[in-house]
Amino acid sequence: MEAARGKTPKKPAVKKGFPRNLKEPVGVYCRVRPLSFPDQECSCIEVISSTTVQFHPPEGYYKVNRTGNDKETQYSFKQVFGSYTTQQELFDTVAKPLVDDLIHGKNGLLFTYGVTGSGKTHTMTGSPGEAGLLPRCLKMIFNSIGPYQAKRYVFKSNDRNSMEIQCEVDALLERQKREATPNPKTPSAKRQVDPDFADIINVQECCKVDQVDEDCVYGVFVSYIEIYNNYIYDLLEEVPFDPIKTRLPQSKILREDKNHNMYVAGCTQVEVKSTEEAFEVFWRGQTKRRIANTHLNQESSRSHSVFNIKLVKAPLDADGDNVLQEKEHIMVSQLFLVDLAGSERTNRTKAEGNRLREAGNINQSLMKLRTCMEILRENQMYGMNKMVPYRDSKLTHLFKNYFDGEGKVRMIVCVNPKTTDYEENLQVMRFAEVTQEVEVTRAVDKTTYGLLSGRRFRNQIRGGLIGDEALVSEVGLQSFPPLPLCEILDINDEQTLPRLIESLEKRHQLRQMMTDEFTRQANAFSALLQEFENAVRNKENYSQGQLSEKERLISGQNLEIERLEKKNKTLEHKVEILEKTASIYEKDKRNLQQELETQNQQLQRHISEQCRLETRLQGMVAEMTTKWQKECDRRVAATQLEMQNQLWVKDEKLKQLKAIVTEPKMEKPQRPSRERDRVQDKAARRSASASPAGDVYKTRGGGQAVQFTGIETLKQQSPGGCTHSRGVLLLFSNRKRSLSAAAALAQPDGLESELTDVETRCSMAVEMRAGSQLGPGYQHHAQPKRKKP
């Protein structure tokens, strides 16, 4: 292709390792769809010549896209088909050479590519009154090989992408078996054509391959798959109806056969004998294909459809009667007709949900195809050895053999000239530009079988001669003696005619002898043939008995299979119930495990909390123990000190009593005032600590209260003759007060004051702390209360 803004650079010189005569480029054709409403829509594509189209950008396109270049662009193809091109013209140019190669044992690949709504499906399938490429290919195949087709089930496909040959007897038994089934899967040639596609396959033009090998027999097998979301599904697979459990179609896988060709494992292959049968199979699969209504197309293909036509060819034996029973002489060729899903932009289709995911997968698979084409072109043009990523997509992986030289590759680029599809069409053109620069290896003609040609025709001639005369004429005339010269030059010649008569009589006798011998041999042969027919009949009866026995065995096995299937369904139902029960138990188990873990965590937290509390309590106990131990020691020391003070007070009292009793009645010397005050203060404190200040009562809070019983004033005179007084709290007990009163009554008047003063001093206790600022009588109120521990 070449554009107006610049030509594609020329290819470099081909290296020595790439012979050009064995390679050919991929044939890329362009078909322009006519506008639906020519008066209302504008076209952005113009067909300039039979090989070139020109694109006109719509108004305002480059202003919106800011490319700065509004020139027209031209693209070149192998051939361009305008909007008025018929289906027959397109078929004669593109598909007919592929069908010719198919019948001669070569493979082919044809696919349509373009945006959604560009006419790909119409080009491939067609419409009523306008048959597409697919029905025309089928029509041409059966018009060419119709008289040379093998009987049904002579060829049999296996799971390894190869074919096997069955003898006539096995094929006959299989035909009888298939025809005995109530609903045969293989379509019948006697069935009427479905009116839904009767107009589509009605092809008026009769196409036929000129040179067909008449010494071979042919068989046609078709298969139909779709690639949806990068998964392969068999559109011809019969899924059994299960009322209990609905089964979804199973995805197929790609495998490689012994010849390194890719194929779909387990794909259904149906043998067909006419165009009607083949298209009926195609139509049955077409109803299962995934299509959807989008904003751009009411029936948009959401998958890549691949229709495969497999032609099997095998030679006749040397006599031209039967198929040669040698597997290595089978020749298999294939023609893939691929209808690619349309490339589209999601913002234009307004797709959502599944449609959006489908569009993404379609664009991704087409992008992988374009990537493979680009790498193939680079490897071929520049001698590089990059790995082509065929395995990234099922579409490219399936057809990698064709791009590596397994057959011809043709692509029809369908474009819609609407201005709204301008940008998508540019992307399609760029892909087509890359594709047609890729070269594939030409398929090499396969070797012949080493048998003489014309075997079928000679067999027909031998079968056309009947009767004894024909056999004698063919076999015995060459052994007769030659006739003498029959030319008579003289009227008087009497030797020529007798010699001729004698020779004719000898020939007649020999002929009669040969006829008799032939009759005898024919009778003997008839007897042998009768014996052979009897033997064959007996063998056939034996075979029929064996066949009936096998059929009974098969029917018994079928009943057993049905019983096992019912049992299997019951067990599956039980298994499903058990699975649901197990799932419930598993859920309960998980819940209980979670609850147990939660409780274990709570228990661990509780244990750790208890450990911390225990440690804290132990610390508090130790602290309280130490505190109470100190308090006890302090109280013991205080008690000991109090007891010592009490003992001292008692000793002082005894000493004073002893001194009072024993001292003479004489005037005592007065101590100094400070010394006397200090001694009196000590005596008061000791007296206060030795005897209670009053009655003691227990309070409601657990403490003690003291009730004072009296107040006494103590007067003292200093050595200087100055008299002063201190208020002293005198604590009298009732007992001592009574004793003092009794002693006063017993003593005379002169001694009453003195005795009273002595008893009073003996029975009182002066309590006053050293350094107190209060008087002796108010010392008790200055003591602070002891705090509770």
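This section describes the overall make-up, aromatic pairs, nonpolar cores and selected local features of a predicted model.

The protein chain of the predicted model has 17 helices and 26 strands. Of its 789 residues, 35% are buried. The accessible surface of the chain comes to about 49900 Å², and carbon and sulfur atoms account for 52% of that area. When contacts between residues at least 6 apart in sequence are considered, 72% join residues at least 24 apart.

Confidence varies along the chain. The average pLDDT is 76, and 68% of the residues score at least 70. Over residues 710-756, pLDDT stays under 50; the model has 74 contacts beyond four places in sequence for this segment. Residues 758-785 likewise stay under 50, with 65 contacts beyond four places in sequence. Where pLDDT is low, predicted coordinates should not be read in detail.

Aromatic pairs number 12 in the structure. One of them joins Phe55 and Tyr422 in a tilted arrangement, with 6.2 Å from centre to centre and 50 degrees between the planes. Phe55 belongs to strand β4 (residues 52-55) and Tyr422 to helix α11 (residues 422-435), so this pair ties together parts that are 367 residues apart in sequence. Both partners fall under the 20% limit for burial: Phe55 has a relative accessible area of 1%, and Tyr422 is likewise buried at 1%. A further tilted pair is formed by Tyr113 and Phe431, whose ring centres are 4.7 Å apart and whose planes meet at 50 degrees. Here Tyr113 lies in strand β7 (residues 107-114) and Phe431 in helix α11, so the pair links parts that are 318 residues apart in sequence. Tyr113 is buried at a relative accessible area of 6%, and Phe431 is buried at 1%. Helix α11 thus contributes Tyr422 to the pair with strand β4 and Phe431 to the pair with strand β7. Elsewhere, Tyr224, Phe279, Phe282, Trp283 and Phe307 form one aromatic cluster.

Nonpolar side chains tend to be buried together in soluble globular proteins. In this model, the largest nonpolar core contains 54 residues. Within that core, Phe77, Leu109, Phe399, Phe403 and Val413 touch the most other members. A second core, separate from the largest, has 47 residues; among them are Phe81, Tyr148, Val209 and Cys216.

Cys216 of the second core is also at the start of strand β12 (residues 216-228). Strand β12 runs antiparallel to strand β13 (residues 231-234), and 4 bridges join the two. The strands form a hairpin with 2 residues between them. At its closing end, Tyr228 stands opposite Tyr231 in β13. Asn229, in the turn, has a positive phi of about 55 degrees.

Arg136 was examined as a single buried position. This residue is found in helix α4 (residues 133-145) and has a relative accessible area of 9%, which places Arg136 among the buried residues. Beyond its neighbours within four places in sequence, Arg136 is in contact with Gln87, Gln88, Phe91, Ala131, Val203 and Glu205.

Notes. Residues are numbered from 1 along each chain as its sequence is written. This is a predicted model: local features need pLDDT of at least 70, side-chain atom pairs count only at pLDDT 80 or more; totals for chains, interfaces and linings use all residues. Side-chain values use heavy atoms; hydrogens and water are left out. Rings of Phe, Tyr and Trp (its six-membered ring) pair if their centres lie within 6.5 Å; planes under 30 degrees apart count as stacked, over 60 as edge-to-face and the rest as tilted. Buried means under 20% relative accessible area, exposed over 50%, partly exposed in between (1.4 Å probe, protein chains only). A nonpolar core is a set of buried Ala, Val, Leu, Ile, Met, Phe, Trp, Tyr and Cys residues joined through side-chain atoms within 4.5 Å. Two strands pair if DSSP finds at least two bridges between them. pLDDT is the predictor's confidence in each residue, from 0 to 100. Contact means heavy atoms within 4.5 Å. Accessible areas come from the Shrake-Rupley method with a 1.4 Å probe; for residues, only the protein chains shown count as cover.
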